[in-house]
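Open the model in your viewer and keep the selection tool at hand. We will take it one stop at a time.

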Amino acid sequence: MKRKLLYGCMHLGGSWDESPISDEQQAMANDILDFLIGDCTIRDFDHADIYCKGKSEKIFGNYFKQNGLKREDYFIQSKCGIQLGAGALGSSHFCFDKKHIIDQVNQSIENLQCKYLDALLLHRPDPLWHPEEVAETFEYLKSQKLVHKFGVSNFSSSKLAYLKHYFPDIFANQVQFSLGHSHIIHEEVVFNTNHEMATDTGFMTYHNLNNIEIQAWGPLDQGKHLSDKVVNVALKNKLIELSKKYEVAAEAILIAWILKVPGQIVPILGSLQKDRMSKLLLAFEVDLSRQDWYDLWILCNEQKLP
Ligand SMILES: NC(=O)c1ccc[n+]([C@@H]2O[C@H](COP(=O)([O-])OP(=O)(O)OC[C@H]3O[C@@H](n4cnc5c(N)ncnc54)[C@H](OP(=O)(O)O)[C@@H]3O)[C@@H](O)[C@H]2O)c1
């Protein structure tokens with residue numbers, strides 16, 4: 001299977017606080033980036049302005065500069081639109097105003113020391129947005145050669161269609177998608193039943209018909225199916241059984257499960273451990289049988305399909 005993935009840099013910055021980047025944090029990031037770029041030949045990276053309050057981008061930028069990497073050999077994507085902790089109760093809120101987006105793009109480019117972004121995604125829907133203003137902003141960023149491609153994240157298909165009306169060239173939507181978070185396929189299977197997921201947004205159909213890449217965040221469900229304190233023992237046992245059958249780690253089975261779903265699905269792998277990353281990359285060599293794919297899904301949902 002052709003390998004298409006992003007490395008997610010959310011955890012790269014060490015901590016989500018205002019503390020400066022320590023030499024130790026930079027050294028740890030350098031070590032994993034050396035491995036990802038050198039040994040794993042990963043060239044595609046996912047960032048956001050908010051990750052570790054900007055430190056993930058900065059650490060990556062420092063690495064990129066120190067190693068004199070060639071900009072055109074890499075795909076560097078970032079996201080903006082979340083204002084971290086800016087709301088009541090310490091909640092984040094969202095802002096798609098033209099000035100905010102342009103300021104954040106300039107900040108990300110400075111942090112990443114990378115001259116331009118290959119792609120910019122709007123991180124989470126802002127109900128106060130004006131899609132025509134966003135389209136104008138994207139046109140401006142493109143004309144200034146600050147951003148090459150545009151996408152969204154955590155958007156419903158209807159909201160994405162609304163934006164595409166003003167700016168047709170949207171290439172990707174980054175959403176949570178994993179064995180343990182499969183709403184985007186579940187809704188189309190339980191449609192018109194009494195199931196709680198029985199809505200009709202047609203997410204998968206819309207994205208596949210419009211050739212929009214689905215970037216899957218949280219692909220390992222943060223490790224919850226395989227930890228020592230696992231709740232769903234039947235699922236864990238199945239994952240272990242299949243890891244023996246397909247001769248890969250159980251984590252790779254979770255990624256293979258995602259890759260089996262038709263469409264342009266791109267998993268975002270975000271482990272800081274070299275050993276885990278090596279194991280995950282073997283997922284691209286696994287083609288789960290229909291029986292195994294469904295068994296995992298049913299066991300994870302702990303519920304029969306209709
Ligand atoms: N657009 C959005 O709203 C959004 C939201 C969240 C994330 N993202 C993107 O998606 C990327 C991946 O997200 P994610 O980190 O949530 O993905 P994930 O693959 O579900 O979780 C990875 C995390 O789980 C840990 N983990 C995995 N398997 C484990 C196991 N068996 N035992 C213990 N720990 C385990 C990893 O720790 P180790 O490092 O120790 O391996 C790592 O911290 C991020 O880096 C970011 O780029 C986007």
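The tour starts at the ligand and ends at the cysteines. Keep in mind that this is a predicted model.

**Stop 1: the ligand.** Select the ligand and show the pockets. The ligand sits in the largest pocket.

**Stop 2: the shell.** Now select the residues around the ligand. There are 25 of them, and Asp46, Gln222, Ser271, Gln273 and Arg276 come nearest. Colour the shell by residue type. You should get nine nonpolar, eleven polar and five charged residues.

**Stop 3: the polar contacts.** Which side chain should you pick here? Select asparagine 154: an N or O atom in its side chain is 2.9 Å from an oxygen atom of the ligand. Next, switch to backbone atoms. A polar backbone atom of leucine 272 lies 2.8 Å from a ligand oxygen. For aspartate 221, a polar backbone atom is 3.1 Å from an oxygen of the ligand. Then turn on the surface. The ligand taken alone exposes 910 Å², and the protein buries 84% of that.

**Stop 4: the cysteines.** How many disulfides does the structure hold? It holds zero. Select cysteine 52 to see why: the closest cysteine sulfur, in cysteine 9, is 10 Å from its own, too far for a bond. A disulfide needs the two sulfur atoms within 2.5 Å. Cysteine 52 is also buried, at 1% relative accessibility.

Move on to cysteine 80. Cysteine 80 is in no disulfide either, and the nearest cysteine sulfur, that of cysteine 95, is 8.9 Å away. Is cysteine 80 buried or exposed? Cysteine 80 is buried, with a relative accessible area of 1%.

Conventions:
Residues numbered from 1 in each chain as written. Predicted model: local features only at pLDDT ≥ 70, side-chain atom pairs only at ≥ 80, totals over all residues. Heavy atoms only, no water. Near = heavy atom within 4 Å. Polar contact = N/O pair within 3.5 Å; in protein donor to acceptor, adjacent residues only side chain to side chain. Areas by Shrake-Rupley, 256 points an atom, 1.4 Å probe, with all protein chains shown as cover. 1 Å grid on protein atoms, 1.4 Å probe; cavity = no way out; pocket = protein on both sides within 12 Å on 5 of 7 lines; lining within 4 Å. Sits in = over half its atoms within 2 Å of the grid points. Nonpolar A, V, L, I, M, F, W, Y, C, P; charged D, E, K, R; others polar. Buried < 20%, exposed > 50% of the residue type's maximum accessible area, 1.4 Å probe, protein only.
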